[in-house]
Structures are given as C-alpha cells and as structure tokens.
Amino acid sequence: MILLELIELNNVTKRFKNGTEALNDVSLTISKGEFVFIIGHTGCGKSTLVKLIYREEKPTSGEIFVGGVNVAKVRNRKVYKIRRKMGVVFQDFKLLEKLTVYENVAFALEIFGLKSSEIHTKVLKALELVDLKGKAKSYPDQLSGGEKQRVAIARAIVNGPKLLICDEPTGNLDEETSMGIMDVLKNVNAIGTTIIMVSHDTHIVEKMKKRVIELEEGRVKKDYAKGKYKRARV
Amino acid sequence: MRVFRMLGRDIRDAFHSVIRNFSLSLASITCIVITLLIVSISIMLSAVVNNFADNVKKDMTIIAFLDVDITEDRINEMKLELEKLDNIESITFDSKAKIASQMMKDSPVFESILGDYTGDNNPLQDTYLVKVKEVEKIGDTAKKIESIVNVESVQYGAGMVEQLIDVFSTIRTISLGIVGALIIVTIFLISNTIKITIFSRRKEIEIMRLVGASNINIKIPFLFEGIFLGLFGSIIPILATIYGYTYLYDYFGGYISIKTIQLIKPTPFVYYIALLLVAIAVIVGSLGSWRAVKKHLKI
Ligand SMILES: Nc1ncnc2c1ncn2[C@@H]1O[C@H](COP(=O)(O)OP(=O)(O)OP(=O)(O)O)[C@@H](O)[C@H]1O
Ligand SMILES: [Mg+2]
C-alpha cells in the first residue's frame with residue numbers, strides 16, 4: 001500500500017559542494033500519521049535529512065517521495081507547492097518581532113489571499129491547539145521561549161498540513177518547557193498530522209515512546225519501533 | 001477574488017513600506033521629481049517652439065527693396081518677372097509713399113522726421129513683399145529675387161527664425177540627454193532602495209518561503225514598492241505641470257508678446273503630459289525594483 005507511506009527515501013546520498021558527505025545511501029519510509037524522532041550525534045546528518053524532505057536541499061542521488069511526489073526532481077520555482085503541504089519548525093522559532101502572535105500565525109495564510117474571516121477562524125483554531133489563545137495580542141518579546149515555540153508550531157500547522165517537520169524544537173528550552181512542547185506536538189499528531197522531529201534530547205525521546213531513527217555518520221544506524229528506544233545510561 | 005485580495009495586501013504592504021522607510025526612499029523620490037520636472041518642462045517648451053515655428057513658417061515673407069530711382073513701368077514689369085519664379089505664393093507691392101504714411105501713423109517720431117519729405121524726396125524704397133510656398137527654399141528664392149535688375153536688396157527673417165529654432169532644438173536634445181541620464185540614475189537609486197528593503201526583510205522572506213509563498217508572492221510587494229516610489233515622485237511634477245502651465249497660459253492670455261507664439265490650450269494638453277509623467281514614473285519604478293529583485297531575490 002504505497003499510499004500509506006507519506007515519505008519514502010530510496011538510496012539517498014547527499015554530498016555538499018565542499019565534499020562533505022552528510023548522508024550516505026539512506027533508505028526509509030514513514031507512514032501517514034506517524035510520530036518519528038531522528039536522533040544521532042552532532043554532524044551525523046539529521047538536519048540534512050529533514051532539509052531534503054522539505055526540499056531546502058536536493059540529494060546528490062536517490063529518490064525522496066513526499067505524498068507521492070519525488071521532491072528531488074521539483075524545480076526551485078515550484079518548491080512552494082511542497083511547502084504548502086507541510087509545516088516546519090526550528091530551534092530559533094523564526095518569528096517576526098514586529099508582529100503580534102496572531103499576526104505571526106496569520107502571516108502563513110495571508111499569502112494565499114484568504115478572506116480575513118477565514119484567516120481569523122483558522123488562526124484562533126491553531127492558537128487553541130497550542131494553548132495560546134490568551135496571548136494573541138502579545139508580541140514575541142513578551143513571550144517565554146516555550147510560548148514562542150508554540151507560536152511557531154501554530155504558524156506551521158495553521159494551514160492544516162499533513163506533515164510537520166521539527167528540527168530540534170526544544171533545543172533552546174529547559175526540560176519542563178520541552179515537555180510542554182511535546183504535549184502540543186502530541187495533540188498535533190492526534191489530529192492526524194505526521195510528525196518528524198529531530199532531537200538530541202534522548203531523555204525526551206525515550207519518554208515519548210515513539211519510533212526513533214538513529215543516524216550515524218550519514219547512515220541509518222538503527223530504526224527503533226515504537227517504545228523500543230532506550231537511551232544509553234552512563 | 002482571491003487574487004485581488006492578495007494584490008490588495010501586497011499594495012497595502014508596499015505602501016506602508018515606502019512610508020515607513022521614507023527617509024530611505026527620499027533620494028529616489030527626489031530624483032524622480034527632478035527627472036519628471038525636466039521632462040515636463042521640455043515637453044512644454046518644445047510644444048511652444050513647434051507651435052511658434054509653425055506660425056512663423058506660415059508667414060514667411062521676403063522683402064525686396066527696389067532701387068530708389070526706379071520707374072513705374074519697371075515696377076510693373078518686375079511683377080511679371082517675379083511671377084515667373086518658383087516657390088512664389090503671393091506678391092504684394094508696397095510703395096514708399098504708403099510705407100511712409102504707415103510709419104508716420106505709427107509713431108510721432110517718424111512723423112516729424114518724414115513729414116518734411118514728400119513725393120520724390122521720400123528717402124524710403126518701394127518694396128515687393130513676396131510670400132514663399134516652401135520655407136526651406138526661401139534662401140534660394142531670395143537669391144533669385146535679388147538678381148533681378150533694379151532689386152537693390154532683399155531681406156527675410158529666416159536667418160533669425162532658423163537660428164531660434166536651432167537653439168531650441170539644441171536645448172531639446174540636451175534636455176533629452178539629461179532626462180535619459182537622470183532616468184538611468186533614478187533606476188539605480190530605486191533599485192538600491194529596494195535592495196535595502198529586501199535585506200531588511202530577509203527574515204520575512206525566509207519565512208514566506210518556508211510557509212509556501214510562491215516566487216511571485218514574494219517578489220510582487222517589492223515591485224509595487226518601486227512603482228509607489230515612482231508614483232510618489234510624480235505628484236509634485238504633475239501638480240506643477242497642471243497649475244504652472246495653466247497659470248502661464250492665463251498670465252499671457254494665450255499669447256507671448258508676439259502673435260506668432262500662440263500657446264496651446266491647457267486642457268487637455270496638461271493632462272496628456274500628466275499621463276506621460278505617470279507612465280514614466282511607473283516604468284522607471286518597475287525597472288528599478290525589477291533590477292533589485294532580479295539581483296537580490298534569487299530563488
Ligand atoms: N551547506 C553545507 N555545506 C557544507 N557542509 C554542510 C552543509 N550543511 C551541513 N554540512 C555538513 O554536513 C554534515 C551534517 O550536517 P547536519 O547539519 O545535517 O548535522 P546535524 O546532524 O543536524 O548536526 P547538529 O546536531 O549539530 O545539528 C556536517 O558535517 C556539516 O558540517
Ligand atoms: Mg542540525
């Protein structure tokens with residue numbers, strides 16, 4: 001059932017212009033609705049892997065299917081079509097300081113020319129999902145790190161994407177705040193959104209009991225099924 | 001509908017951006033103002049000059065002064081000789097008596113001088129006024145007339161008129177060159193202004209790409225911004241053209257001193273100029289921002 005596979009990587013290799021081989025013959029599939037962690041030591045190729053999926057980078061060789069489209073073959077001009085079907089969240093939030101929480105989330109809808117009333121409904125729904133409805137009028141510098149990240153998540157999902165990619169979303173946050181973010185992501189996953197999350201916080205990863213793909217030097221070292229991942233105790 | 005809403009937002013954002021960065025935009029806007037003012041002035045000037053030249057040409061006359069001791073028979077004979085020449089529109093004879101009485105009527109000074117001379121004493125010369133068909137050949141025609149026996153000398157205004165037209169056309173060429181240079185400078189200035197806004201909005205652009213804005217989505221606001229710079233710059237020149245020209249027209253009552261320079265009516269003339277200024281502003285604005293977008297928004 002190919003349709004159940006939202007993402008499929010076949011023999012993907014990524015070599016940068018300077019010769020660095022970030023990924024080496026990676027093959028994997030991720031199904032619709034899954035919650036998958038990507039872990040591994042620094043520089044093992046985690047960010048590169050997700051960049052290939054949201055088509056920030058192109059693979060040197062191999063195929064990458066996202067929702068049936070080989071994104072490796074999509075031209076730069078057409079990348080926006082892929083981006084519209086997914087949300088992306090980063091460690092540094094990437095919020096616009098001059099806009100309120102509401103406007104930051106609405107930003108992702110305005111470019112599509114939706115009616116203000118439509119935008120309003122969708123933004124409030126997204127803010128509710130990340131539990132930030134009360135902060136709609138605040139500016140980013142009035143928010144804590146965890147709240148900022150929740151705004152970023154709201155912006156990423158406001159358009160109702162099938163896939164949410166998170167590159168170390170808790171990298172800047174303490175453990176308690178991180179768990180709050182994980183709760184939000186669980187909720188997002190519960191409404192049917194596939195989630196791929198890069199993390200080096202093995203503590204959280206173990207607690208979440210989800211599928212875990214471990215990379216090492218650009219290769220898949222181990223693919224742990226749901227709940228099988230145990231971090232190395234020192 | 002959707003497209004209009006998107007364009008509406010883009011236009012609004014571009015407008016805000018120009019206002020927000022007004023000090024930044026000022027150089028570009030000033031340059032457009034100067035360029036368009038020069039364009040407007042040279043158009044008005046050349047319209048006036050063309051009009052003037054046309055009027056002068058219509059009235060191109062050679063005056064042939066005849067020998068003082070000429071006989072009446074010879075004068076009549078000469079008329080036939082003149083009629084034989086090419087390029088002759090009409091021939092009028094003005095006797096010295098008629099000219100003298102005309103001059104005396106015009107000015108008391110002449111009256112006191114000429115009053116003593118009558119009949120054969122009249123120091124003036126009989127003249128033939130010859131209108132030509134084609135002003136370009138007036139020099140040739142004048143030479144032929146001069147070679148007729150008993151024509152003492154000829155005079156025609158062409159030298160002065162042609163010089164004047166030459167001067168004006170030189171001015172026009174120079175101002176065209178200045179306008180061309182200014183337009184290029186303006187395009188670079190606008191391009192630079194847009195470049196700076198592109199850099200100051202790098203993060204916004206990055207996020208736009210991330211959330212799935214197409215290239216056109218991203219580029220259009222900057223293009224509008226360039227167009228707005230142009231349009232803002234065209235306001236002063238347009239007002240100056242409309243009010244300035246209308247004022248001049250009213251001031252001179254449609255004439256400047258001599259009847260040969262008749263001004264063109266302000267309406268719709270000034271509106272045509274205004275339209276042209278807007279067109280130039282929009283084109284220069286788009287070119288400037290297009291250049292910046294091409295160079296600095298590589299996608
Ligand atoms: N644009 C680039 N040009 C050249 N080399 C790059 C580029 N991006 C990444 N690399 C290299 O590719 C390798 C993998 O980088 P990547 O960012 O995927 O690692 P990572 O697993 O995300 O690390 P971290 O945990 O530190 O974020 C690294 O050696 C990195 O230096
Ligand atoms: Mg990384």
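**From a glycine in chain B to the A–B interface**

Just after α8(B), Gly212(B) takes a positive phi of about 95°, a value that, like everything described here, belongs to a predicted model. The helix that precedes this glycine, α8 of chain B, spans residues 202-210, and among its residues Ile205(B), Ile207(B), Met208(B) and Leu210(B) are buried. An α-helix has 3.6 residues a turn, so residues three or four places apart point the same way. With that in mind, the reader may look at how Ile205(B), Met208(B) and the other buried residues of α8(B) are placed along the helix.

The other subject is the interface of the two chains, where 23 residues of chain A are in contact with 19 residues of chain B. The size of an interface is often given as the accessible area lost when the parts come together. Between chain A and chain B this buried area is about 2000 Å², and carbon and sulfur atoms give 58% of it.

On the polar side of the account, 7 residue pairs, with both residues at pLDDT 80 or more, are in polar contact between chain A and chain B, and the rule for salt bridges finds 2 across the interface. In a salt bridge between Glu110(A) and Arg9(B), the closest N and O atoms are 3.6 Å apart.

Turning to the side of chain A that touches chain B, at least two residues each come from α2 (79-83), β6 (86-90), α3 (101-110) and α4 (116-129) of chain A, and α3(A) gives the most, with 3 residues. By residue class, that side of chain A divides into 12 nonpolar, 3 polar and 8 charged residues.

Methods:
Residues numbered from 1 in each chain as written. Chains lettered and ligands numbered in written order. Predicted model: local features only at pLDDT ≥ 70, side-chain atom pairs only at ≥ 80, totals over all residues. Heavy atoms only, no water. Contact = heavy atoms within 4.5 Å. Buried area = accessible area lost by both parts, 1.4 Å probe. Salt bridge = Lys/Arg side-chain N within 4 Å of Asp/Glu carboxyl O. Polar contact = N/O pair within 3.5 Å; in protein donor to acceptor, adjacent residues only side chain to side chain. Helix = DSSP H or I, 4+ residues; strand = E, 2+ residues; numbered from the N terminus. Nonpolar A, V, L, I, M, F, W, Y, C, P; charged D, E, K, R; others polar. Buried < 20%, exposed > 50% of the residue type's maximum accessible area, 1.4 Å probe, protein only.
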